[in-house]
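Here is a short report on one protein model. Keep the sequence and the 3D view open as you read.

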Amino acid sequence: MYHDQALGPFKMIHFHDGVNMTLGLPYIRTSPDHGTAYDIAYQGKADPSSMMAALKLAETLVLNRS
């Protein structure tokens, strides 16, 4: 299975709280799992839930880093 095959269903279920995490780096990297939403930029319509989930996961990873 390729990542593209799982990404569609994942985004359908977790669009507002999905997080992308890059493994294998010497530092922690998380990001929201959604696009840039240029169509609603600067209109106050964007949902920050995925960004907050990415920040919370990064914090958890930092606190549990060995």
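In which helix is Leu55 found? Leu55 is found in helix H2. Keep in mind that this is a predicted model.

## Helix H2 and its surface patch

Start with the helix. H2 covers residues 49-63. Met51 lies in this helix, and so does Leu55.

How exposed are these two side chains? Met51 has a relative accessible area of 40%. That value makes Met51 partly exposed, because partly exposed residues fall between the 20% and 50% limits. Leu55 has 47% relative accessibility. Leu55 therefore counts as partly exposed too.

Now look at the surface. Met51, Met52 and Leu55 form a nonpolar patch there. Together, the three residues have about 300 Å² of accessible area.

Leu55 also shows how a folded chain brings distant parts of a sequence into one region of space. Leu55 and Arg29 are 26 residues apart in sequence. In space, their C-alpha atoms are 9.7 Å apart.

## The loop between S2 and H2

Next, follow the chain before the helix. Strand S2 spans residues 29-32. A loop runs between S2 and H2, and Ala41 is found in it. Asp39 is found in this loop, and Tyr42 lies there as well.

Compare how much of each residue is accessible. Ala41 is partly exposed, with a relative accessible area of 30%. Asp39 has 63% relative accessibility. Asp39 counts as exposed because the limit for that class is over 50%. Tyr42 is exposed as well, with a relative accessible area of 88%.

Tyr42 has another feature to note. Its phi angle is near 65°. This is a positive value in a residue other than glycine.

Two distances place the loop relative to other parts of the chain. Ala41 and Thr22 are 19 residues apart along the chain, and their C-alpha atoms are separated by 26 Å. Asp39 and Leu61 are 22 residues apart along the chain. Their C-alpha atoms are separated by 32 Å.

## The largest pocket

What is the volume of the largest pocket? The volume is about 240 Å³. The pocket is lined by 14 residues. The closest to its centre are His34, Ala37, Ile40, Ala46 and Asp47.

The lining is mixed in character. Six of its residues are nonpolar, six are polar and two are charged.

Terms used:
Residues numbered from 1 in each chain as written. Predicted model: local features only at pLDDT ≥ 70, side-chain atom pairs only at ≥ 80, totals over all residues. Heavy atoms only, no water. Patch = residues over 30% accessible without salt bridge, like charges linked within 9 Å, V, L, I, M, F, W, Y side chains within 5 Å. Areas by Shrake-Rupley, 256 points an atom, 1.4 Å probe, with all protein chains shown as cover. Salt bridge = Lys/Arg side-chain N within 4 Å of Asp/Glu carboxyl O. Helix = DSSP H or I, 4+ residues; strand = E, 2+ residues; numbered from the N terminus. Buried < 20%, exposed > 50% of the residue type's maximum accessible area, 1.4 Å probe, protein only. 1 Å grid on protein atoms, 1.4 Å probe; cavity = no way out; pocket = protein on both sides within 12 Å on 5 of 7 lines; lining within 4 Å. Points joined across faces, edges and corners; volume = space filled by probe spheres on them. Nonpolar A, V, L, I, M, F, W, Y, C, P; charged D, E, K, R; others polar.
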